[in-house]
Amino acid sequence: MEKNKTSEDSIKILNRRSFIIIIVGAILSFIVSIRLFSLQVINYKFYKKKSVENKLSIKLTPPLRGDIYDSKKNLLAGSSSLYEFVVFKNLSKDHFQEIIKLDGLIKLNLNFDEISKQLKKYNEYTGFSLSRASWKQIVEFEKNKFLFNSIKIIESKKRYYPYKNFSQIIGYMGQPTQSPEPYSKGIFHLEKSYEKYLRGIPGKIFNEVNSRGRTIREISIEKSIKGNDLDLTIDLTLQNYAQSQLPLDKKGSIVVISVLDGSILSMNSNPTFDAQIFEDRENNKIKDLLNDGQKPLFNRAFSGFYPPGSVFKPISALVGLQRNLINPQKEVFCKGHSTLGDRNYYCWKKKGHGKVNLKRAIKESCDVYFYELAKKTNIDDIASLSSDLGLYTEYDIGLSNKGKGLVPSKKWKKAFLDESWYQGETLITCIGQGYNQTSPLQLAILYSAILNGGKYPIPKLDKKVPTKFTGKSLNNEHQKIIVNSLNAVVQEPRGTAHKLSISNPEFVKIGGKTGTSQVIRIKESEREDDQYKSKEIEERFKDHSVFVGYAPYDKPKYIASVIIENGGSGSAVAAPIAHKVLDFAYKNNV
Amino acid sequence: MFREFKSIYNLNWIYFFILLIIFWIGEINLYSAAGGSFDPWASNQLIRFLFFLPLFFLVTMLEPKFIYNFAEIFLILVLIGLITTLVFGYTGMGATRWIRIAGFNLQVSEFTKIALVIFMAKYFHKLNAEKTIGLFKSILPLFVSIIFFILVAIQPDLGTAAIILALGLVVIFYAGIKLIYPLLSLGIIFSMSPILWTFLKPYQQNRIQIFLNPDIDPLGKGYHIIQSKIAIGSGGLQGNGFLEGSQSSLDFLPEKETDFVFAIFSEQFGFTGSILLISLFFIMFLIPVFKTYKLTQVFNKIILFVLSFKIFFEFLINISMTIGILPVVGVALPFMSYGGSSLLSNLLICALLLNFMSISEKKRMFS
């Protein structure tokens with residue numbers, strides 16, 4: 001190799017270049033340091049928080065749900081212990097073999113395909129519930145415990161509903177969710193609307209976890225706090241008694257409210273269902289229930305809207321009085337029908353009532369009297385008074401499937417049917433047919449409004465809710481005339497429900513109004529007529545039997561509103577039920 | 001081939017001591033990465049270190065002339081090694097980077113860096129009569145650098161390939177190429193970058209995109225950067241303390257023993273520890289560099305300067321990756337990342353640096 005001479009200049013260049021590279025290196029180091037300063041000093045809190053969030057896992061423990069009681073502290077919904085076989089995937093590789101072994105040892109009839117499908121979705125540290133464990137099964141399991149590493153018996157709380165006939169008030173709970181909240185939530189009726197109130201505050205277990213979610217150690221525990229108890233206005237004995245009075249083979253409902261404070265004392269709907277099957281996860285029964293054509297989930301007293309029939313007549317009468325369209329003493333001649341234009345509107349009594357004044361018209365439920373009144377009436381006045389007296393109003397008492405029903409007006413018909421109002425429709429609206437749709441609860445409230453002189457207490461199921469009155473005062477005179485007439489319906493001969501005071505004279509004396517709600521238009525003349533009952537009418541086309549009554553008639557305290565679907569006339573079916581229930585309420589001073 | 005044994009007293013023992021300190025910090029770090037256990041990383045790395053130490057001292061005792069004479073041979077050896085890797089290589093994590101030699105998985109690309117610098121040092125040494133080097137004279141080293149860049153890049157190992165190319169360019173720059181050329185090529189690279197982008201593999205494009213915005217894939221590919229930044233940021237000024245890094249001990253930090261060791265270190269020892277570590281590496285960089293000012297032989301100067309720069313450069317690239325100012329390209333942290341090839345090649349570099357630092361240029365060296 002040739003000798004290489006190094007020129008002085010060349011060396012200087014190298015040294016200069018080295019200096020440039022050192023400067024660049026220093027600048028890069030400085031940039032890195034600035035960045036580190038920004039991460040570790042300026043944004044320290046942000047990253048520290050992220051780091052803590054990374055490693056902290058908060059496991060919620062389900063709180064004990066608040067109990068639900070009736071007005072006399074009888075338990076209607078509580079919590080009971082539930083024992084389940086739970087498999088934890090992380091405890092054994094052979095967890096699936098153990099499941100099969102368990103099924104062999106204790107006949108659980110597990111569906112392995114379904115379980116293996118479900119298991120895949122579960123985190124290895126989250127237990128998967130295989131089946132409920134009975135005491136016998138627990139004993140059997142404990143004897144062979146050494147065989148199972150991944151299966152444990154875990155106690156949890158489930159909802160317990162001792163009475164079947166409260167399901168349409170209390171509702172039920174949904175399936176427990178996996179995360180983030182480890183408890184089930186109410187999804188129907190009071191369980192739903194009082195969810196936050198009843199739920200309580202979950203406990204928290206703070207765990208340190210690694211990146212795969214495995215708990216490394218427990219840091220701290222906050223205990224769960226039980227939810228609030230809920231006291232209802234319902235009276236258990238009355239609820240049970242009323243249920244027993246509803247005919248088993250008919251759909252129907254009965255609601256009893258207090259005239260004094262709007263408390264709902266009982267609310268039954270038939271058929272009913274057992275909310276317990278949702279807690280017990282009896283899937284076949286749940287499926288049957290959801291597919292039941294009788295719709296047992298449907299609370300007919302609250303969400304069932306029917307034409308009110310003749311129980312609506314007091315509103316028409318009040319409009320007549322308020323507008324000075326009628327003189328209560330002046331008689332109208334009922335010859336069995338009334339004519340408007342070229343159409344006849346029939347009274348239920350084909351041969352006519354003869355001369356009727358207002359009181360007789362209500363007492364004997366004369367349709368012609370109200371047709372004549374309707375001819376002079378504006379439908380909007382009817383609609384407006386109906387709303388004032390509690391109809392066409394949605395009640396928020398904590399139940400699901402709320403509705404306001406319908407009392408038609410000109411505006412409504414234009415908006416929904418795009419048609420103008422016919423006077424003929426006023427005639428049938430005034431006797432409670434036509435577009436009218438009211439719930440049994442609304443009818444009870446209507447009568448509460450009438451008995452209270454217009455201002456009525458808002459209905460309630462929650463005992464803690466303070467009594468609040470709403471509505472507009474009625475003219476005292478008018479109110480007396482109407483209440484007198486309603487008393488006469490039961491107390492005076494020829495009243496449509498006079499039979500009640502004859503057949504059960506020892507019962508509390510009541511007032512009220514019968515109604516027959518048309519399902520299809522059977523000839524008007526046939527309604528409330530005895531010959532109607534003998535007619536061969538297919539069951540589902542039979543009229544609904546309606547009665548709203550109150551007791552005692554001279555100092556009303558209770559109102560019962562009854563509907564029996566396809567039951568026939570109000571006086572024959574609904575009225576006796578209401579009378580018995582009112583008597584029970586009165587005698588037991590619920 | 002070897003110098004007299006007594007020349008071992010001339011070695012820069014301060015430099016060796018700093019090397020030991022950094023290696024020991026790395027050991028402590030691997031110990032904490034395993035959650036306070038020598039097993040598996042710290043112990044393995046220590047065994048490797050002790051195993052390589054004889055070789056290390058052997059290299060410090062080599063005659064510089066021997067290294068000079070065999071420069072081309074080294075280059076041919078790594079070329080053969082790289083081609084062998086591509087043909088018979090052992091594939092892991094989607095890349096063919098290793099060959100098995102005598103029971104070791106060897107990453108030839110690590111040694112390519114050394115061979116390339118030695119080769120280019122010799123090349124420019126021979127040209128040293130010229131004040132500044134024109135473009136024409138730079139074509140051969142540039143071409144060689146690009147060949148090796150491509151051979152490594154198709155493994156694919158873009159990080160190492162980029163380091164190889166960068167070292168080649170640093171040698172050319174240091175050797176005194178006219179300033180116009182580096183400036184011009186920088187301009188060209190910037191303007192060509194959209195075209196270069198299309199040559200990148202989808203996963204490489206992905207990494208760069210995630211680097212620019214890790215939040216587009218927080219649980220996927222952006223996870224590394226996000227978790228690394230959390231680890232470093234949560235270290236704060238003082239650090240969480242030895243073995244107190246939750247990001248590390250609870251396994252939130254992936255690849256914590258290799259590319260992300262710095263995050264482990266910084267989580268435990270904070271900003272203060274990080275700055276001390278940067279200073280240590282900077283001092284380690286400067287010690288051989290100061291020696292270059294006393295030397296006049298271009299070969300010696302390039303070996304000392306560029307190889308010393310290589311360690312510091314990889315250090316900076318690695319921590320820039322972990323703090324999110326460079327994309328994650330897979331460059332190891334010298335003496336701290338777990339891995340045999342990186343440790344061996346960096347030890348060889350330090351041995352060469354110690355060797356060349358002990359040179360006294362009284363006599364003509366290369367003839």
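**View 1. K295(A), a partly exposed loop residue.** In this predicted model, K295(A) has 16 other C-beta atoms within 10 Å, so it counts as partly exposed: that falls between the 12 or fewer of an exposed residue and the 20 or more of a buried one. Look for K295(A) in the loop between helix 11 (283-291) and helix 12 (300-303) of chain A. K295(A) isn't a glycine, yet its phi is positive, at about 50 degrees.

**View 2. D418(A), another loop residue with a positive phi.** Here phi is near 55 degrees, again in a residue other than glycine. D418(A) sits between helix 17 (410-417) and helix 18 (423-430) of chain A. With 7 C-beta neighbours inside 10 Å, D418(A) counts as exposed.

**View 3. An open sheet of 5 strands in chain A.** The strand order is 10-9-19-18-17, with antiparallel pairing. Strand 10 (264-270) and strand 17 (511-517) of chain A are at the edges with a single partner strand each, so one side of each has no neighbour in the sheet. From one strand to the next, the twist averages 10 degrees. Helix 9 (residues 236-245) of chain A packs on this sheet, touching strand 9 (252-258) and strand 10.

**View 4. Two cis peptide bonds, N270(A) to P271(A) and A551(A) to P552(A).** Omega is about 0 degrees for the N270(A)-P271(A) bond and about -15 degrees for A551(A)-P552(A). P552(A) lies in the loop between strand 18 and strand 19 of chain A.

**View 5. A hairpin made by strand 12 and strand 13 of chain A.** The two strands pair in the antiparallel sense over 4 bridges, and S338(A) has Y345(A) as its bridge partner. In the turn, G341(A) has a positive phi of about 65 degrees.

Conventions
Residues numbered from 1 in each chain as written. Chains lettered and ligands numbered in written order. Predicted model: local features only at pLDDT ≥ 70, side-chain atom pairs only at ≥ 80, totals over all residues. Pairing = 2+ DSSP bridges. Axes fitted to C-alpha atoms, helices over the stretch in contact; angles between N-to-C directions. Contact = placed C-beta atoms within 7 Å.
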